[in-house]
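Biologist: I should like a close look at a single part of this protein, chosen by you. Please begin from one place and explain to a first-year student how it connects with the rest.

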Amino acid sequence: MTSTMIRKLNGLLRTQSLGKVIHYQEEMGSTNTELIGLGEKGASEGTVVIADKQTEGKGRLERTWISPAGANLYISILFRPEIVATDSPLFTFLASIALKETIERIGVTSTKIKWPNDIQIDGKKVAGVLTEMRSKRAMVDFIVVGIGININMSRDSIDKEMGKVARIATSIKENLGKDIDRAKFTADLLLELEKWYQIFRSKGKKAILREWTDEWGDLNKRVRVNVEGEPEFEATALGIDDEGYLLVKTDDGEINKVIAGDVSAI
Ligand code: BT5
């Protein structure tokens, strides 16, 4: 996003609170890290940070989010829900639902949600969500939802910029064969996020978990489960529990809970 696009975004925004305050810089280490700093200084709910390029884009578990300039969206949004800290993973699900709907609305038909935080197109990753939280005792102080989406990268630039990640990554442009208006996409995404946040506030976490499960691509599929430091195994994906952990059934009938790791359909 350029500063011109941010002005356009301001004009297009139809939300009540998300994105009313936008902090933009062409280049940042990580929009999540920046927004956590603002949250610690008392930034209000709905505050958004956007960068056109990240030099230290973060994934989960100390991984890197490759964040070149000029084509994609790197955005973080601050929430201050009055919920217990253990419910914060719900915001990853809420964001995944909003992302999938926004990507489908511009014409991509083959999107899929992969547990816990990926959006894929034709089996390749187009977007990821990183939810970070600060708590006060057992309650959430604030939550930062960070979203990275490959929007207008061509296959050539994915191959050039992403090294060995290139073969598991894709962009909206690669699927649609044309450039997308990033300001419009961002305005639509924020509106969709706000909608799902309101659903969460009025109907509670069950409504989000149910919708996520409906949209999830791997229900009852055979999956390979990779948890760091443990042997890989195959199982059947059953669903998520109230805390957002993945439940899988191994071949000897045992139900396992996957807390952090990678789970891919076979
Ligand atoms: C994620 O982590 O998918 C969360 C990514 C969140 C990025 C946003 S950008 C705005 C905000 N600010 C931040 O600093 N972060 C958030 P994880 O599930 O751990 O996936 C990371 C893995 O995805 C890497 O190890 C690569 O294999 C792959 N990957 C890295 N960059 C990618 C990209 N641009 N497109 C597709 N795959 C990528």
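**The loop after strand S4**

Modeller: Pro-116 is placed in the loop that runs between S4 and strand S5 (118-121). The model is a predicted one. The peptide bond that joins Trp-115 to Pro-116 is cis, with an omega of about -5°. This deserves attention because most peptide bonds are trans.

Let us turn to the two domains. The domain assignment divides the protein into domain 1 (3-214) and domain 2 (218-265). The contact between them draws on 15 residues from domain 1 and 17 residues from domain 2. Their C-alpha centres are 25 Å apart. Between the two domains about 1,300 Å² is buried, and carbon and sulfur atoms account for 53% of that area. Trp-115, a partner in the cis bond, is one of the three residues of domain 1 that lose the most area to domain 2. The other two are Lys-114 and Thr-213, and the three together make up 43% of what the domain 1 side buries.

Polar and charged pairs also link the domains. Seven residue pairs are in polar contact across the interface of domain 1 and domain 2. Two elements give two or more residues to the side of domain 1 that touches domain 2: strand S4 (111-114) and helix H7 (205-215). H7 supplies the largest share of that side, five residues. By kind, the residues of this side are seven nonpolar, two polar and six charged. There are four salt bridges between domain 1 and domain 2. As for salt bridges by name, Arg-60 forms one with Asp-262, where the closest N and O atoms are 3.5 Å apart.

The ligand is the next subject. Asn-117 has a polar side-chain atom 3.1 Å from an oxygen atom of the ligand. The ligand has 28 residues around it, and those that come nearest are Ser-30, Lys-58, Arg-63, Lys-125 and Asn-150. For Lys-58, a polar backbone atom is 2.7 Å from an oxygen atom of the ligand. Ile-66 approaches through its backbone as well, with an N or O atom 2.9 Å from a nitrogen atom of the ligand.

Two further loops have a backbone feature to compare with the cis bond. Leu-61 is found in the loop between strand S2 (48-54) and strand S3 (73-79), and its phi is positive, about 50°, although Leu-61 is not a glycine. Arg-137 belongs to the loop between strand S6 (124-136) and strand S7 (139-149); Arg-137, also not a glycine, has a positive phi of about 50°. Such angles are worth noting because most residues other than glycine have a negative phi.

To return to the starting point, the loop between S4 and S5 holds Pro-116, whose cis partner is Trp-115, and Trp-115 is among the domain 1 residues that lose the most area to domain 2.

Conventions:
Residues are numbered from 1 along each chain as its sequence is written. This is a predicted model: local features need pLDDT of at least 70, side-chain atom pairs count only at pLDDT 80 or more; totals for chains, interfaces and linings use all residues. Side-chain values use heavy atoms; hydrogens and water are left out. Domain bounds come from an automatic or database domain assignment. Contact means heavy atoms within 4.5 Å. Buried area is the accessible area (1.4 Å probe) that two parts lose on being put together, summed over both. A salt bridge is a side-chain nitrogen of Lys or Arg within 4 Å of a carboxyl oxygen of Asp or Glu. A polar contact is a pair of N or O atoms within 3.5 Å; within protein, one must be able to donate a hydrogen and the other to accept it, and residues adjacent in sequence count only if both atoms are side-chain atoms. Helices (H or I, at least four residues) and strands (E, at least two) are DSSP runs, numbered from the N terminus. Ala, Val, Leu, Ile, Met, Phe, Trp, Tyr, Cys and Pro count as nonpolar, Asp, Glu, Lys and Arg as charged, and the others, Gly among them, as polar. A residue is near a molecule or strand if one of its heavy atoms lies within 4 Å of it.
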